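Student: Could you take me closely through one part of this protein, the strands and the loops that go with them, and then show me how that part sits in the rest of the chain? I work at the bench, so please spell out the cut-offs as you go.

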Amino acid sequence: MAMELWTAATPNGWKVNIMVEELIELGIEVSEFKVRSINLQNGEQFSEEFTSHNLNQKIPVLIDGETSVMESCAILQYLGEKYPSTLLPSGNKRWEALQWLYWQAANVGPIFGNKLSYTRYMEDVPIEAKAHPLERFGKEGLRLANVLDRKLEGRDYICGEKISVADIAIYPWMRGWKWSKIILVDCKNVMAWIDRVRARPAVERGLSYGMPKDEIDQWSEERKKETAASGAIIASNEALKTDV
Ligand SMILES: N[C@@H](CCC(=O)N[C@@H](CS)C(=O)NCC(=O)O)C(=O)O
């Protein structure tokens, strides 16, 4: 039976596309995979149908028969266990990969996401009102990048020679450092790793989801505006729902 991925062209969405493409690259026969684009700007994530698969009302969601999985990192682990490969290694390496996967979910995603939101999506908010979160998330984002920089010293990927779920989860946020304005240029190992991961054909295909080829690395001004407008809707308190 075909799996369905409900997603959008965002860092959390791209992780899953990259994972599937890396599995295919390893020669693994991934069952038929249908991608359904969710329009976040129009609030499709709040529909009854979406909520019945993910009470948290956020992309991505993977639907595999009777099983619905929310949270991008849980989806990477799910796919890693369903299709055993070096992407979720065994033995000690498994724990190395999983702890960095959880590190991404608990730290990199929320911090880079919040920094991005205050930097790009709250342009109408006066600077005095956002100075503290900008400083807080900016400093913490840079601290996290420096942690990753130390981890990558002398190695190509987070777990050593081979790419794993940890790289796949962390990469889409780190590559967007200009968009979130967390300046990583002094993190030499991270910068080299961003280029190394980007050069992989599966990553190219994963990032192509929902994006014209010529905009994978450099968005058009129009797309930046559209993304900022859509981000502003999500970032506004009006869009925050307390009822599910
Ligand atoms: N921790 C979640 C975060 C998911 C998330 O925040 N998704 C965003 C897009 S990147 C979303 O669906 N936002 C819609 C909203 O907040 O209404 C994950 O890793 O899957």
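Tutor: Happily; here is a walk through the sheet, then its loops, the ligand shell and the domains.

A word on the source first: this is a predicted model, in which local features need pLDDT of at least 70 and side-chain atom pairs count only at pLDDT 80 or more, while totals for chains, interfaces and linings use all residues. Residues are numbered from 1 along each chain as its sequence is written.

The protein chain has 10 helices and four strands. Helices (H or I, at least four residues) and strands (E, at least two) are DSSP runs, numbered from the N terminus. In sequence order the pattern is β-α-β-α-β-β-α-α-α-α-α-α-α-α.

Let's begin with β1, residues 3-7, which pairs in the parallel sense with β2, residues 33-37, over five bridges. Two strands count as paired if DSSP finds at least two bridges between them. Within this pair, methionine 3 stands opposite phenylalanine 33 in β2. Helix α1 (residues 11-25) joins in: β1, α1 and β2 make a right-handed β-α-β unit. Right-handed here means that, with the strands pointing away from the viewer, the path from the first strand over the helix to the second runs clockwise.

β1 also pairs with β3, this time antiparallel, through three bridges. Glutamate 4 stands opposite isoleucine 63 in β3. Isoleucine 63 turns up again in the pairing of β3 with β4, where it stands opposite serine 68. That pairing is antiparallel too, with four bridges. The hairpin of β3 and β4 has two residues between the strands, and glycine 65 there takes a positive phi near 60 degrees.

Now for the loops. Most residues other than glycine have a negative phi, and most peptide bonds are trans. Against that background, the peptide bond from isoleucine 59 to proline 60 is cis, with omega near 0 degrees. Proline 60 lies in the loop between α2 (48-53) and β3 (61-64). Glutamate 71 is not a glycine, yet has a positive phi of about 70 degrees. Its place is the loop between β4 (67-70) and α3.

Which residues are closest to the ligand? They are Thr10, Asn12, Lys58, Ile59 and Ser72, out of 13 that surround the ligand. A residue is near a molecule if its C-beta atom, placed from the backbone, lies within 6 Å of it. Ile59, then, is one of the closest residues and also precedes the cis bond to proline 60. Both α3 (72-82) and α4 (92-121) supply at least two residues each to this shell. By class, the shell has six nonpolar, five polar and two charged residues. Ala, Val, Leu, Ile, Met, Phe, Trp, Tyr, Cys and Pro count as nonpolar, Asp, Glu, Lys and Arg as charged, and the others, Gly among them, as polar.

Stepping back, the domain assignment gives domain 1 (3-82) and domain 2 (92-200); such bounds come from an automatic or database domain assignment. Their C-alpha centres lie 21 Å apart. Between them, 13 residues of domain 1 are in contact with 12 of domain 2, where contact means C-beta atoms, placed from the backbone, within 7 Å. On the domain 1 side, α1 and α3 are the elements that give two or more residues. α1 gives the most, with seven residues. That side comprises six nonpolar, four polar and three charged residues.

Finally, the C-alpha trace of the protein chain spans about 50 × 45 × 35 Å along its principal axes.

Terms used. Contact = placed C-beta atoms within 7 Å.
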